[in-house]
Each structure stands twice: as C-alpha cells, then as structure tokens.
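Biologist: I should like to learn how the features of a protein model are read from its coordinates. Could we take them one at a time, with the general idea placed before the particular case?

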Amino acid sequence: MRQRTLKTAIGCSGVGLHSGAKVTMVLLPAAADSGIVFRRTDIAGRGAYVPALWSNVGDTRMNTCLTNQDGIHVGTVEHLLSALAGSGIDNCVIEINGPEVPVMDGSAAPFLFLIECAGTIEQTEPRRAIRVLKRVSVTDGDKTATLSPAAGGFRLNFHIDFASAAIGQQSFSVALNRGTFKAEISRARTFGFEHEVAYLRANGLARGGSLDNAVVIDSTGTRVLNDDGLRYGDEFVRHKILDAVGDLFLAGAPLLGVYDGVRSGHALNNQLLRALFADQTAWAYTTIAAGSAAAQGLALAAPDKLVVNG
C-alpha cells in the first residue's frame, strides 16, 4: 500500500461549534511524508503551521484543540481528522482562516463528501503504520481507554453509560476496513444536553451549536429535540467512536491494533497516545505490505491515480 493525498483542492465554509465564528477552510494535496498540517491563513509566517500530532494537543474541553509552539491553535479538529482517517488520507494541508474547524452538521459526513469530490491519488512512497505491540491503558475514575495488539488492521470498541433515558447504555464495535467508516460511523453527530447550554456558552463553548449541527437531549433527559430524530438508533456511541478515530489519527499514522473505550473522551484519548509513545516497547513503525492482513484490515477504495513524483 502507498501513501495517499487529495487529487485537487476543495473548500467549504461554516461556523465553529464553540466560537460561533464563521470560518472558511480549504483542503489541499500535500507531498508524501508531510502528514496532516493545518495552516492558519489569518496568521503570517511559519507560526501559522500547526501539525496534527498528539504532542500538539492542548485544550480537550468538549473538543480536541491543537496548539503549536508559537501558541497558534486550531480547535474542534476531531471530525475532520476522522474523515481523513476513514478515507485513508496520509498527507494534506488544511488552510483555515480562523481558530476552529467548521462544525458543518456535527458529523464527519460533510468532510467525507468533500474528500470524495476532490478525489484521492496514490503517491509513490509506501504507507507506514504504527503497530501496537503491547497493551497500554489509561484511567480516569470510571473512564478507561486502552490499546491492545491485534492481527490485521484497526478495530474500535466503545461503551457509554448516561443517566439520561434518551441515551442510557450503548455499545458498538467496528473494524475500519472497506466502507465501514462511511456506512457505520461518518453520519453520527455530536450531542449535548439542553440544560448544559447556558453553562457552556458562559464558558466560551457551544456558541455556534444548534439543532442543525448537534443532537440535543431535552432538560428531562428523555427526548431528542431534533425534528428529524436520530440517524442511527445508537447514534451517541457511534459518535464517540467517530471522535476516537479522529483523536487517535493524531498518532501521525494509522494504528494497527484494538482500541477499547469505556466512557472515554478527548482528554483520555490523548492521554492514551501519550502513554503509548512514552513506552518504546509498546509500539513500532511498520510498512503496510499489499495483500497483508494489515492491508486487508485497512482496505480502501482504489485511488484515482498514482503520482510518480508525489
């Protein structure tokens, strides 16, 4: 398997979920081995570049926010990164004229649509992955996140348990192989509770949130306020997996192993990556060979073309 990037540039506009500010974003092709990098077009100089890496994660309150060494940040990156991971994109420059990725409809589906419209191209360099070699786990009270070794590609298992009757207990498991991200995960929207809105906005969060970009549970905890209802019967846990896919893509390469999350969130997902990379015996880079179990586990649609000088 070889690295991939976009075939052509493509853009969108929208509002930030937490800032409420309008933002314009463009996804561009990038050279092999360059990874995923944000570039703030409203900031001059090299300080405008913010690599999408676990080591750059700062704020994890209700989103994953990246901050570079110059203090320049880009927030709510997880849904876009989830779409890039689910599409098998290794290299991309994301130009954005503000500090937060647009929320769109609260899922990864609009970003997946953009990537499909732009098309993908295969580059000449081989695709590299990170193989989990031993179990690594982090805990915060009743919340846990774990990475374990496994043959093949990448599987995620998640369990949530909310006092709200509209959510309750939900579990879901998915292997990220051909078509599963788009069909099973991509359309799951972020969610919140009506009684939390005033508190969040007073703390500079959810100022762009609405029924157009989030599933909202009413103040009794028993009813979804959105007129169109849920996209999946268990949309809540599927969105938690969507978030985890994006958070874990900050490893800098696809993971080969199994992720288990119990009530986990952005903070614990980042702590998990920090714990993984802190133990040199827990992981190793590997090239994904065509026809291997790993390649089958990360199977993707054929790219539009091969770039000789990628």
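Modeller: Let us begin with strand pairing. In this predicted model, strands S2 and S3 run antiparallel and are joined by six bridges. One residue pair within that ladder is Cys12 and Met25, the latter being the bridge partner in S3.

Biologist: Which helices pack on the sheet, and which strands do they touch?

Modeller: Helix H1 packs on the sheet through contacts with S3, S4 and strand S8 (92-96). The direction of H1 makes about 145 degrees with that of S4. Helix H2, residues 109-118, also packs on the sheet, where it touches S2 and S3. Its direction makes about 160 degrees with that of S2.

Biologist: In what order do the strands of the sheet lie?

Modeller: The order is S2-S3-S8-S4-S5, an open sheet of five strands with mixed pairing. Strand S2 (10-15) and strand S5 (49-51) are the edges, each pairing on one side only. From one strand to the next, the twist averages 25 degrees.

Biologist: How should I read the buried face of a helix, and which residues of H2 are buried?

Modeller: The general idea is one of periodicity: an α-helix has 3.6 residues a turn, so residues three or four places apart point the same way. In H2, the buried residues are Pro110, Phe111, Leu112, Leu114, Ile115 and Ala118. Their cover includes strand S1 (2-6), S2, S3, H1, strand S9 (120-126) and H3. After H2 comes Gly119, with a positive phi near 80 degrees.

Biologist: Which residues other than glycine have a positive phi here?

Modeller: The background is that most residues other than glycine have a negative phi. Two cases that depart from this may be set side by side. Asp33 has a phi near 70 degrees and lies in the loop between strand S3 (22-29) and strand S4 (36-40). Thr76 has a phi of about 50 degrees and lies in the loop between strand S7 (73-74) and helix H1 (78-86).

Biologist: Are these two residues buried or exposed?

Modeller: Asp33 is exposed, at 60% relative accessibility, whereas Thr76 is buried, at 3%.

Biologist: How many residues does the largest nonpolar core have, and which element gives the most to it?

Modeller: In soluble globular proteins, nonpolar side chains tend to be buried together. Here the largest nonpolar core has 73 residues, and Phe38 and Tyr259 have the most contacts inside it. Helix H5 (residues 235-248) gives the most to this core, namely seven residues.

Biologist: How many disulfides are there, and why does Cys92 not form one?

Modeller: A disulfide is a covalent bond between the sulfur atoms of two cysteines. The count in this model is zero. Cys12 is in no disulfide, since the nearest cysteine sulfur, that of Cys117, is 11 Å away. For Cys92, the closest cysteine sulfur is in Cys12, and a bond is ruled out because the distance is 11 Å, too far. Both cysteines just discussed are buried: Cys12 has 12% relative accessibility, and Cys92 has 0%.

Biologist: How many salt bridges are counted, and where does Arg39 find its partner?

Modeller: The count is 14 salt bridges. Arg39 meets Glu95, with N to O at 2.8 Å. This pair links distant parts of the chain, Arg39 being in strand S4 and Glu95 in strand S8, 56 residues apart. Arg39 is partly exposed at 22% relative accessible area, and Glu95 is partly exposed at 22%.

Biologist: What does the salt bridge of Arg189 and Glu235 tie together?

Modeller: The closest N and O atoms of Arg189 and Glu235 are 2.8 Å apart. Arg189 lies in the loop between H3 and S15 and Glu235 lies in helix H5, so the bridge ties together parts that are 46 residues apart in sequence. Arg189 and Glu235 are both buried. A further pair, Asp234 and Arg238, meets at 2.6 Å, N to O, and these two residues are buried as well. Finally, a network of salt bridges links Asp142, Asp161 and Arg263.

Biologist: What surrounds Thr190, in the loop between helix H3 (180-185) and strand S15 (191-193)?

Modeller: Thr190 is buried, at 14% relative accessibility. Leaving aside residues up to four places away in sequence, Thr190 touches Leu17, His79, Gly106, Asn213, Ala214, Val215 and His239.

Key. Residues numbered from 1 in each chain as written. Heavy atoms only, no water. Core = buried A, V, L, I, M, F, W, Y, C linked by side-chain atoms within 4.5 Å. Buried < 20%, exposed > 50% of the residue type's maximum accessible area, 1.4 Å probe, protein only. Helix = DSSP H or I, 4+ residues; strand = E, 2+ residues; numbered from the N terminus. Disulfide = S-S within 2.5 Å. Pairing = 2+ DSSP bridges. Axes fitted to C-alpha atoms, helices over the stretch in contact; angles between N-to-C directions. Contact = heavy atoms within 4.5 Å. Salt bridge = Lys/Arg side-chain N within 4 Å of Asp/Glu carboxyl O.
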